[in-house]
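Visitor: I am new to this structure and would like to learn how to read it. Could you take me through it one feature at a time?

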Amino acid sequence: MSYTMRNNTAIFYHYYYTFLLAFSFLLVTYRSPLLQGGFILLFVLFGLLSVWAKKGLVISSHFIFACLFVGAMTFLTEVISNFDRNYYFMLQELKFLPLFLLPKFFEALLNRSVLTPWQRKEIIVMSCQFFILLVLFINIIYGPVLGAFRNTGPFEYSISLSYTLVFLFIILFNEFSFFWKILIIINVFLLGSTMGFALLGLAWLLKVRRLFLVKARLSIFSKFFFAIPVLLIAVWYVTVFRERAVFGESFWGLDRVQLVQAAIDYAISYFTLADYLFGFGIGRLLDGFELITSDDYPVVYHWIIKDFTGSGEVLYSFIFHNEYIRLFFNFGIFAPFIIFGLVYKMINNKILFLIILLSSLTNSTVYSYITLFVIALAAYVSQLDKTLAGSYPQSVPRPSSQQPLFV
């Protein structure tokens, strides 16, 4: 194949896969369980077929271990507890498993011989920039136009979108220009997630090595010094902009705090030793919520119990809005350590892992479609960065992401 033909093929692959990944962001951002579930299924099947066709059926060891662990816990709870399951919600609670398989899909999809590692990285960067613009469009439509603060319409919830943006901020920090970082900050601010805004501030402090526009490295002391204005902005954002009381007795009135208390009380009241060890069971209805009253847990009672059960809906472990509690209820006390241990090994990014751990305190991360997709992408980017680090000596400047890869 001539050089011109190879170059034209590379250009075709570049724009084709950029469009494919950008369209994938659009699909997993659109809040439709049926559409998202079908999309994840297609991803897994196509990824398996691609890997199989290229170099034999190779499945991630993380995926195999996660399946074995979840399968064992499900079998044990079925045998020991002998309860009826809602199999729709059972499948819903298994949807995090593709997280450990999707990196293999990205590898099979993008590792074309005609594309260099830098070109693959550029495809990912451009696709993520599309996602940032998509979130900006959502913020504009449901903010100034419709006047609905934090409303994201048919798209993923504002807290999930803000977490995703923080993850991308960390994953592609060196590839994003100052312009794209500012867009991320604006988006997270407008999405209105208190935790998302706090995590973005923490990520900025952890990732920034030099002052903007100043060629001076930040020492540990300097970072603590510059953390003060970030902390003050965060306090203003929470207490003034979001009008939330978070200090003193008001802390115990926060919705996420009450949800954790309610989950602990429920486990103490209803769990057996087998439930603690192997899980309360996926697809098992949470009943007996008479222990939660409007006096003890006003937020939980009115927001969860009254609204859900009053409209005839049923309650499962996802209502607690805490990934650790969700995994604990589903698969037992060891599940959070095992699942997040696999995530840590997979992404190989300490700062991102810390942010994922913190964000899991208040919402879904490995269970959310959009964050699941981005965490899996982070695993592939980590693998790609290792390849790039081995391909370019430290003394050789790397290509700028702001320059075109094709000429």
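Visitor: Why is helix 14 (residues 323-331) described as largely enclosed by the rest of the structure?

Guide: A residue is called buried when its relative accessible area is under 20%, exposed when it is over 50%, and partly exposed in between, with a 1.4 Å probe and protein chains only. Helices (H or I, at least four residues) and strands (E, at least two) are DSSP runs, numbered from the N terminus. In helix 14, 8 of the 9 residues are buried, so this helix is largely enclosed by the rest of the structure. The buried residues are E323, I325, R326, L327, F328, F329, N330 and F331.

Visitor: What covers the buried residues of helix 14?

Guide: Cover is judged by contact, which means heavy atoms within 4.5 Å. Here the cover includes helix 3 (61-81), helix 11 (255-270), helix 12 (273-278) and helix 15 (335-347). Before going further, please note that this is a predicted model, in which local features need pLDDT of at least 70 and side-chain atom pairs count only at pLDDT 80 or more, whereas totals for chains, interfaces and linings use all residues. Residues are numbered from 1 along each chain as its sequence is written, and side-chain values use heavy atoms, with hydrogens and water left out.

Visitor: Which residue caps the N-terminal end of helix 14?

Guide: That residue is N322, which has a side-chain oxygen 2.9 Å from the backbone nitrogen of Y324. Just after the helix, G332 takes a positive phi of about 105 degrees.

Visitor: Where else should I look for a positive phi?

Guide: The general idea is that most residues other than glycine have a negative phi. H321, in the loop between helix 13 and helix 14, is not a glycine and yet has a positive phi of about 55 degrees; its relative accessibility of 22% makes H321 partly exposed. N348, in the loop between helix 15 and helix 16 (350-359), is likewise not a glycine and has a positive phi of about 55 degrees, and N348 is partly exposed, at 45%.

Visitor: Is E93 buried or exposed?

Guide: E93 is buried, with a relative accessible area of 3%, and lies in the loop between helix 4 (87-92) and helix 5 (102-110). Not counting residues up to four places away in sequence, E93 touches I282, S317, F318, R326, N330, F331 and Y367. R326, N330 and F331 are among the buried residues of helix 14.

Visitor: Which residues is F289 in contact with, leaving aside its neighbours within four places in sequence?

Guide: They are Y266, I305, L315, I319 and F320. F289 sits in the loop between helix 12 and helix 13 (298-310) and counts as buried at 9% relative accessibility. Although F289 and L315 are 26 residues apart along the chain, their C-alpha atoms are separated by 9.6 Å.

Visitor: How many residues does helix 6 have, and how far does the helix reach?

Guide: The expected span of a helix is 1.5 Å times one less than its number of residues. Helix 6 (residues 117-145) has 29 residues and reaches 41 Å from its first C-alpha to its last, close to the expected 42 Å.

Visitor: How many helices and strands are there in the chain?

Guide: The chain has 17 helices and 0 strands, and 49% of its 407 residues count as buried. Among contacts with a separation of 6 or more, 76% join residues 24 or more positions apart.

Key: Polar contact = N/O pair within 3.5 Å; in protein donor to acceptor, adjacent residues only side chain to side chain.
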